[in-house]
Structure formats: structure tokens, C-alpha cells
Amino acid sequence: MKTIHKTYRFALLPTREEEVLLNKHFGCVRYVYNHFLSERMNQYLESKKSDNYYKQSAALTCLKKQEETIWLKEVNSQALQGALRHLETAYKNFFRGNAKFPRFKSKRKKNSFTIPEYVKVVDGKLYFPKFRKGIKMIEHREMRGAIKHCTVSKTPTGKFVVAILCA
């Protein structure tokens, strides 16, 4: 029997402190994606091969320990690993012929990050790692099913939105 997944979109109303932390998440995810895309491109030019997700995930751990990128520890590690997963998917789709070559992420366009685990909604607040007090959200309808993951986005107009996938 097939499992039916449903996505619910809600507006977020973060405080100033939460907004700063959300923007840090967007920036760090963008940095990780662009850094490892650049690394893959350079590796391919040199040897016609590039690292896969698992090697880059190990490299991400080393990158977080370096002095010049210590600020990557301020955000949720799952979001950073999600950026690597998205990069891996983009590469696979390109080499299968299903998509164009992956492009670098821009600060000016829509920013987003995905949290795959430990997401919950209680009393109109969204809770996930690094946001222990919860972010207020406008829950205009009831969600049904267990939460699988959520994607937090910021539109070019500066509004915050969460898409919650339930099964």
C-alpha cells in the first residue's frame, strides 16, 4: 500500500533574534553548497572524477573544525548535510540528462534549508534544533500525519515560510 505524503505551508513570524539565526542558517547552507560545488568542479577538471556525498560529508566535518570556518558550528548540522544531499541530487540529475548543470546559490534569490529530523509543532510554534523556544507560525489549518521533514524559506520580499511534509 502506498503512503500518501502531504505538504502544509505556513507563514512564520520570527522575533529579531530568531530572524538573525534563520539568516545565519541560509548563509551557511549557501556557503556549504557553493563551496562543495566549486570543489567538485575543480576535481572534475583535474581528474575527470569528483567526490560523492559521503566524502564531502567527511570533508564538511573537517571544514567545521577549521579556524576560518568555525562559524559553521552556529547552525544546525542537519541543514548543512541537507545542502550536500541537494548538491548530490543535482549532480546525479545532470549526469542522467534530467537537468542542467548545478549553479551556484545566490543571496538575492529565494533562500531555504531543510531539517530532516526532530521537527515538531506545538501550540502554533515550530520547534527544531537550534530553535528551542520555537518560532511562532500562523497555523491556519490542522496538520494530519507524522512530520517527516520541513523546509524553511525566505522569499525575496523578506517573508519567512515553512513547508512541512507529513505522511
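A residue counts as buried under 20% relative accessible area, as exposed over 50%, and as partly exposed in between. With this in hand, the predicted model can be explored, starting with its charged side chains.

The structure holds four salt bridges. In one of them, the side chains of Lys24 and Glu74 meet at 2.9 Å, N to O. Lys24 belongs to helix α1, whereas Glu74 sits in the loop between α2 (53-65) and α3, so this pair ties together parts that are 50 residues apart in sequence. Lys24 has a relative accessible area of 35%, so it is partly exposed; Glu74, at 38%, is partly exposed as well.

A further salt bridge joins Arg40 to Glu88, with the closest N and O atoms 2.4 Å apart. Here helix α1 supplies Arg40 and helix α3 supplies Glu88, so parts 48 residues apart in sequence are tied together. Arg40 is buried, with a relative accessible area of 3%, and Glu88 also counts as buried, at 14%. Glu88 forms a salt bridge with Lys92 too, and in this case the closest N and O atoms are 4.0 Å apart. Glu88 and Lys92 both lie in helix α3, four residues apart, which is about one turn of the helix. Lys92 is partly exposed, with a relative accessible area of 42%. Arg40, Glu88 and Lys92 are thus linked in a network of salt bridges.

Arg40 also has an aromatic neighbour: it lies over the face of Tyr91, at 4.6 Å from the ring centre. In a similar arrangement, Arg85 lies over the face of Tyr53, at 4.1 Å from the ring centre.

Aromatic rings also meet one another, and the structure holds 12 aromatic pairs. The rings of Tyr44 and Phe95 have centres 6.2 Å apart and planes at 50°, so this pair is tilted. Tyr44 lies in helix α1 (residues 16-47) and Phe95 in helix α3 (residues 77-96), so the pair ties together parts 51 residues apart in sequence. Elsewhere, ring pairs link Phe26, Phe113, Phe128, Phe131 and Phe160 into a cluster.

Phe113 leads on to the interior. The largest nonpolar core has 40 residues, and Phe113 is among the six that touch the most other members. Helix α1 gives the most to this core, with nine residues. The contacts of Phe113 include Leu22, Phe26, Phe128 and Val152. Strand β2 (residues 111-115) has four of its five residues buried, so it is largely enclosed by the rest of the structure. This strand pairs with β6 (residues 147-154) in the antiparallel sense over five bridges, and the bridge partner of Asn111 in β6 is Lys154.

Key. Residues numbered from 1 in each chain as written. Predicted model: local features only at pLDDT ≥ 70, side-chain atom pairs only at ≥ 80, totals over all residues. Heavy atoms only, no water. Phe/Tyr/Trp six-rings, centres within 6.5 Å; stacked < 30°, edge-to-face > 60°. Helix = DSSP H or I, 4+ residues; strand = E, 2+ residues; numbered from the N terminus. Lys NZ or Arg CZ within 6 Å of the ring centre and 35° of its normal. Buried < 20%, exposed > 50% of the residue type's maximum accessible area, 1.4 Å probe, protein only. Pairing = 2+ DSSP bridges. Core = buried A, V, L, I, M, F, W, Y, C linked by side-chain atoms within 4.5 Å. Contact = heavy atoms within 4.5 Å. Lists of a residue's contacts leave out its neighbours within four places in sequence.
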